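Student: I have not worked with this one before. Could you take me through it step by step?
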Amino acid sequence: MLEPAAMEVPIASTMSTTVAAVPVVHNPRARKLRSAVWQDFTKERRADGNCVAICNHCKKQLTATSRSGTTHLRNHLAICTTTSTRRAGKRRKLIVRRILNNKSSTGRPGDGHASGDDHDNDNAHFDQELSRQDLARMIVQHGYRFSMVDDLGFQKFVKNLQPQFSMMSYDIVRADSMAIYASERLKLQDVLLKTPCRISISVDMWRSSTQMDYLCLTCHYIDHASDEWKLRKKILNFVHVDEHFTANQIANLILEKLQEWGIDRKLAAVVLDNCTSGDSVATELVRVLQPRRLLLLNGNLFHVRSCAHILNLTVEESLEETSDIINRVREMIQNVKFSQERLQKFLGTAKLLQIDQKMLVLDSPNNWPSTYLMFDSACYYHDVLLRLAEQESHYAAFLTPKEWADVKALTEILDALNNTMEKFPVENPTANLYFNDMCEIHVLLNTWRNSPSPVVAQMAGRMLKKFEGYWDLTRQVMAFASILDPRYKMKSIEYFFQLIYGNDQFTAKATIEAIKQNFTSLCNDYEHSADSLKNPSVLFYTGNSSSCMSSVYSNGNDSKTFSRITLSDARRGLDQYIQESSSGQSLKSDLDMYLEEAVYRQKEGNQDNFDILGWWKSFAAKYPVLSQMGRDILAIPVSIIPLDSEARVLNEYFSTMDPSTVEGLVCAQDWLRADTEVANTDGHADDKAPRGDEMIVAPN
C-alpha cells in the first residue's frame, strides 16, 4: 500500500516575512491540542493573528489555523529529513502510518480536516491483553521458541512497533500457549461430538532426539458444518509412551484417549502403518470394541492399510532378494562419482555422445524410490557407461550385458510402481481415489510373473504374493469406496476382478458377489441404525404427507421448532415424495435406485478433479442412507502417505521440553494452522502453507 503523499500547506505568500511570531498566549477557553502529532510541533500565533505550526526538528513553519486540520502535519513528519528525524527513522514513519490507519478505521473520514478538533489519540487503540494473546498464538502457530521474548533484537523490534507493549517473560508465554491449547481443545471436542458421521483414526510413533517415544493420534472425518463437505484431519493427542509398551498397553492408551474425546462409540476405521506392533494393536482394539457392537460389519472394516504403505512393504521386501544386482549398480556409480579422473572421463564422454546432462543418482539404503532413481539414471547413461567400460576393460565395477538387461527390466517394474506412488499426495485424499490404480498394479504383477525374463518373473512373483497378502486387508474398504463413486459404482469392481482372476471366472464372480453382498449388508445396518434416524441430515419419506412432514420437522431427539425449519428441509421431503409417488411401485432402497441408474459422467475436465463429497452432498436427499455411508467410508485414510522413521523424529527444540508441553504445542499448532487453511479455501490459499505432517517443524 502506497504511503500518503506529504502535502505541506505553506504559509500564504502575501504574508510579510518580517512579521515576528509571538508565543501563543494561554487562553483558558481554547481547545486542548489532543492529537499525538503536536508532540513534534509547536503552535505559535503571529502578530497578524494567524497561527503556525513549527516543526521541532527542521523548524519548518506550516499553517495551523482551526480549519487546516493536522493531516498536512503528519504528512510532513513522514518526509522530514533532519538529523534527529533520521535517528528516529523507521519508528517515526510507523507512528505516522499508524495514526493514519487509526484515523481511517474510525469510519469518520472528515475528522481532523474540517476543524481543529482531533480525536485520533494513537494510544487509545492499543490493547495489551489482545497483543499478548496474539504473540502467544504466533509462537504456537509458527513453532517459534518461547525464549524469543528474551532476545534483545526481538524486544527492540516490538518496542519500535509499539512502545507501550510490555514484553512477557518466558514462563508467561508458555502459560499463554498452554491456555491456547486448552481453549482450542474444547472447540475441537465440541465439533467432534456434534459431528453426525463416524470418525477414522491413524496412529504414528514418533521419537525425540533424546530417545523418548511419542504416540501421535490423528482423526479423519467429513466436516459438513459449512456449505460444503470437507475432509478434515486433526491431531488429537501427542502423548509420551514408554519404549517397552506392549501392544495391549498401546491399544488401551488409544481407547483411553478416544474416550476422553467422546468418540470411542463412533469409530469407522484405524490405520496403524507407523505404529509398533500394528497388527497386534488392531486385534486388541477389535477385541474390546467388537462386543459393544460399535464397529462397521462387526469389525471387518476396522483395520486398514494405506495404499502407499502396501506398495512400500511390497517393493522393499521384494528388493531385499535382488540385493546383488542393486549392489552392483551402486558400486559402479560410486566408482564414477567418487573418482575425479573417472568422473571427468564420464562427463567428457557424455558431451561427446551429445547426451544432455542429468544427475547420476546414488541411492539411499532401505528407500526403494531412490533405488529406482539410481537404476533410471544408470539406464539413461547406458551408452556412456558402456564406453567407459570399454576404456577400462580391466575394471570389474562396470556391469556385464546380462546385468544391464536385468537392470533395465527391473527399472520398468519400479517405474510403474513409482508413477503410482506419485499420484498419492493430493489435497483431499478421499478413499475412492486409488482403487483403480491398485487393481492395475495387481494386473501388471500377474503379467510380469509370466515374463520371459527370469529376474522379472521371479521378482514379480515375490511382489504378487506380498501384495495380495497386504491388500487383502484393505481391498474391501477400497471396493466400497469405489462403489460410492458415482462414476464407477460396481463397474470398476466387475471389470478389474475379471482381469485379475483371468481364466478363473468362478473366483472372479464369487469375489464380486461377496463384495456386493457385504456392501448391501452394511447399507442395511445403516438403514436400521438408530443413529441414522436421529441424524437431521437423513430424512425419509415414509408413504404419506403426514409422515413426510413428521420426518422433515422431527428427527428423534433433535426435533426442530418451526422457527428453525429451513426451506431446504421441506424441499428434501418434497424430492423424496416425488421420487416415490411417481414410481407407482413399492419403495426401493437407496442402493437399488443408486445402482440401477447410469454411472455419472463428467461433461469435461480431468476425472481426477471430480468432487465426490460435493456430489454426495447434492444427492443427500435422494440417497440419505448412502450419503451417510459415503461420509463414513470416504473419510477412511487409505490414501495418506506414511512418513518414514527418519521423518518421524522431533527436532531439538521440542526434544528438550517436557511431554505435556510437547503435546500442547504440537496439537495447538496443528489446530491453528488448519484453521488458517480453512480460512484460505476461497482460492487465495498460500501455496507454501504447511499441510499434513509438516506441522511438527519448530526451529532447532
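**A first look at the chain**

Tutor: Let us begin with helix α1, whose buried residues are T71, H72, L73, R74, N75, H76, L77 and A78. Please keep in mind that this is a predicted model.

Student: How many of the residues of α1 are buried?

Tutor: In helix α1, which spans residues 71-79, 8 of the 9 residues are buried, so the helix is largely enclosed by the rest of the structure.

Student: And what share of the chain counts as buried?

Tutor: The chain has 700 residues, and 47% of them count as buried. Its accessible surface comes to about 36100 Å², with 50% of that belonging to carbon and sulfur atoms.

Student: How many helices and strands are there?

Tutor: The chain contains 27 helices and 9 strands. As for its contacts, among those with a separation of 6 or more, 70% are between residues 24 or more positions apart.

Student: Let me change topic. Where does R185 lie?

Tutor: R185 is part of helix α6, which covers residues 170-194.

Student: Is R185 buried or exposed?

Tutor: R185 is buried, because its relative accessible area is 16%, and the cut-off for buried is under 20%.

Student: Which residues does R185 touch?

Tutor: Leaving aside residues up to four places away in sequence, R185 touches L236, N237, E260, W261 and W671.

Student: Now the cysteines. How many disulfides does the count come to?

Tutor: The count comes to 0 disulfides. Two cysteines may still be described by their surroundings: C51 is buried, with a relative accessible area of 11%, and C275 is buried as well, at 9%.

Student: I would like to see a pair of helices too. At what angle do α18 and α19 cross?

Tutor: Helix α18 (residues 491-501) and helix α19 (residues 505-527) cross at roughly 150 degrees, and their axes come within 8 Å. The crossing of α18 past α19 is right-handed.

Student: Which residues make that contact?

Tutor: From α18, the contact uses I493, E494, F497, Q498 and Y501. From α19, the residues are Q505, T507, A508, T511, I512 and I515.

Student: How many of the contact residues are nonpolar, polar or charged?

Tutor: The residues of the contact between α18 and α19 divide into 6 nonpolar, 4 polar and 1 charged.

Student: Why give both an angle and a distance?

Tutor: Both are given because two packed helices are described by the angle between their axes and the distance between the axes.

Conventions: Residues are numbered from 1 along each chain as its sequence is written. This is a predicted model: local features need pLDDT of at least 70, side-chain atom pairs count only at pLDDT 80 or more; totals for chains, interfaces and linings use all residues. Side-chain values use heavy atoms; hydrogens and water are left out. Axes are lines fitted to C-alpha atoms, for helices over the stretch in contact, and angles run from 0 to 180 degrees between N-to-C directions. Helices (H or I, at least four residues) and strands (E, at least two) are DSSP runs, numbered from the N terminus. A crossing is left-handed if the near helix is turned anticlockwise from the far one by less than a right angle, and right-handed if clockwise. Contact means heavy atoms within 4.5 Å. Ala, Val, Leu, Ile, Met, Phe, Trp, Tyr, Cys and Pro count as nonpolar, Asp, Glu, Lys and Arg as charged, and the others, Gly among them, as polar. Buried means under 20% relative accessible area, exposed over 50%, partly exposed in between (1.4 Å probe, protein chains only). Accessible areas come from the Shrake-Rupley method with a 1.4 Å probe; for residues, only the protein chains shown count as cover. A disulfide is a pair of cysteine sulfur atoms within 2.5 Å.
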